[in-house]
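I sat down with this one for an afternoon and kept a notebook. Here are the entries, in the order I made them.

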Amino acid sequence: MRIANLQGHGVLVFGDDGAEKVAEIAAVSNGRFGPDLGQIYAQWDALTEWAATLSTDALEAYSFPLVRKLLGAPSPTPRQVFAVGLNYRAHAAESGFEVPEHLPPVFTKYVSSFSGPETTVVLPMGGDVDWEVELVVVIGRELHRVGPDRVWESVAGLTVGQDLSERIAQMRGPAPQFGLGKSFPGFSPQGPWLVTPDEFANPDDLQLCCSIDGEDVQKGRTSDLIMPVPQLISNLSQTVTLYPGDVVFTGTPAGVGVGREPQRFLQPGESLDTWIEGIGTLHQKFVAAE
């Protein structure tokens, strides 16, 4: 199942790649679910049971063509946003850090930075903006102190994310400001939709990539995560309670701009394409601040 955020309303996505259609969940369910995404995640188990009974004809009766530019982040108003650093060995090495022995560094990205899959991002004046392709997990059930074996059944789905990062603000002393440096407007594009775990042959092994103006700059597999999704979510839940709709950025593979020699950062006029196998693609264009 694929669910998208169409101007704040939850929609089911179906059809072939490039010719997708959508049907509003509230309309198809006769008001039982939605239209708000937060309500949909709060009723996740009931929603998935209902969706399993839907026929193609039922969806077609309410369908209309998808307009990607109208899509927002699949979970636009989570209670909590978690972002994980140094969760790929090669990325830890290029960043000059040791591989974490326990839980990798955890910080947040603020919801005001959330955006959809097709956006234009204003580059902060005087900043060094970097790219970080990431698999993003959306939680489907309340979790606290759960084991890894219970995680996938409690995940609503997966989506594509970019953890755009302004490195000067991020690393400015006396202590790093990860949350602020990674939360300028438009710095957390996600989408194009959420895909439920059952849609993947192996949700723990997906290729993820990004390119600038057609040049690949990152390519990896989620099977290389130091702490895979089940262990990561389980470990987070040992400290905090995770709620339906919460968003977890799971980390980025090697290839970021700050780790290159010479360093490279995003420039006005450049385009960034970000994709994950079995999910879809984000498209960001960058312009200078006026």
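The notes below go from strands to salt bridges, then to a domain record, a pocket and one loop residue.

**Entry 1: what I am looking at**

I remind myself that this is a predicted model.

**Entry 2: the N-terminal strands**

I began with strand S2, residues 9–14, and strand S3, residues 21–24. I find them paired in the antiparallel sense, with four bridges. Which residue of S3 stands opposite Leu12? I looked it up, and Ala23 is the one.

The hairpin of S2 and S3 has six residues between the strands, and there I noted Gly15 with a positive phi near 105°.

S3 also pairs with strand S4, residues 63–65; that pairing is antiparallel too and has three bridges. To fix the register for myself, I wrote down Lys21 and its bridge partner in S4, Pro65.

**Entry 3: the five-stranded sheet**

Next I traced an open sheet of five strands. I read its order as S9-S19-S18-S15-S16, and the pairing is mixed. Strand S9 (118–123) and strand S16 (215–221) are at the edges with a single partner strand each, so each has one side without a neighbour in the sheet. I also checked the twist: neighbouring strands of this sheet are turned by 20° against each other on average, ignoring direction.

Within the sheet I followed strand S18 (residues 271–276) and strand S19 (residues 280–288), which run antiparallel and are joined by six bridges. Here I picked Asp273 as my marker; its bridge partner in S19 is His283.

A reminder to myself for viewing the faces: in a regular strand, side chains alternate between the two faces of the sheet.

**Entry 4: salt bridges**

How many salt bridges does a search of the whole structure find? I get 13. I looked at three of them one by one.

The pair I opened with is Arg167 and Asp130, whose side chains meet at 2.9 Å, N to O. This pair links distant parts of the chain, as Arg167 is in helix H6 (residues 167–171) and Asp130 is in strand S10 (residues 129–130), 37 residues apart. Are these two buried or exposed? Arg167 has a relative accessible area of 10%, so I put it down as buried. Asp130 is buried as well, at 0%.

I then widened the view around them. Arg167 and Asp130 belong to a network of salt bridges that also takes in Lys109, Glu132, Asp163 and Lys182.

My second pair is Arg264 with Glu215, where the closest N and O atoms are 3.1 Å apart. Arg264 sits in the loop between strand S17 (247–249) and S18, while Glu215 is in strand S16, so this salt bridge ties together parts 49 residues apart in sequence. I note that Arg264 is partly exposed at 23% relative accessible area, and Glu215 is partly exposed at 40%.

The third is Lys219 with Asp216, with 3.3 Å between the closest N and O atoms. Lys219 comes out at 51% relative accessible area, which I enter as exposed because the cut-off for that is over 50%. Asp216, at 40%, counts as partly exposed.

**Entry 5: the domain record**

I checked UniProt for this chain. The unreviewed entry carries the annotation "domain: Fumarylacetoacetase-like C-terminal" over residues 81–286. For that span I noted 12% helix and 34% strand, and its end C-alpha atoms lie 24 Å apart.

**Entry 6: the largest pocket**

I then turned to empty space. The largest pocket has a volume of about 300 Å³. I count 17 lining residues, and those nearest the centre are Ser95, Phe97, Arg167, Gln170 and Phe178. It was nice to meet Arg167 again here, after seeing it in the salt bridge with Asp130.

Which helix gives the most to the lining? My note says H6, with three residues. Helix H5 (89–94) and H6 each supply at least two residues of the lining.

**Entry 7: one loop residue**

Last, I looked up Pro244, which I found in the loop between helix H8 (229–237) and S17. At 26% relative accessibility, Pro244 counts as partly exposed. I also took its distance to Val160: the two C-alpha atoms are 18 Å apart, with these positions 84 residues apart along the chain.

Conventions: Residues numbered from 1 in each chain as written. Predicted model: local features only at pLDDT ≥ 70, side-chain atom pairs only at ≥ 80, totals over all residues. Heavy atoms only, no water. Pairing = 2+ DSSP bridges. Axes fitted to C-alpha atoms, helices over the stretch in contact; angles between N-to-C directions. Salt bridge = Lys/Arg side-chain N within 4 Å of Asp/Glu carboxyl O. Buried < 20%, exposed > 50% of the residue type's maximum accessible area, 1.4 Å probe, protein only. UniProt positions renumbered as here; feature names shortened; annotations may be inferred. 1 Å grid on protein atoms, 1.4 Å probe; cavity = no way out; pocket = protein on both sides within 12 Å on 5 of 7 lines; lining within 4 Å. Points joined across faces, edges and corners; volume = space filled by probe spheres on them.
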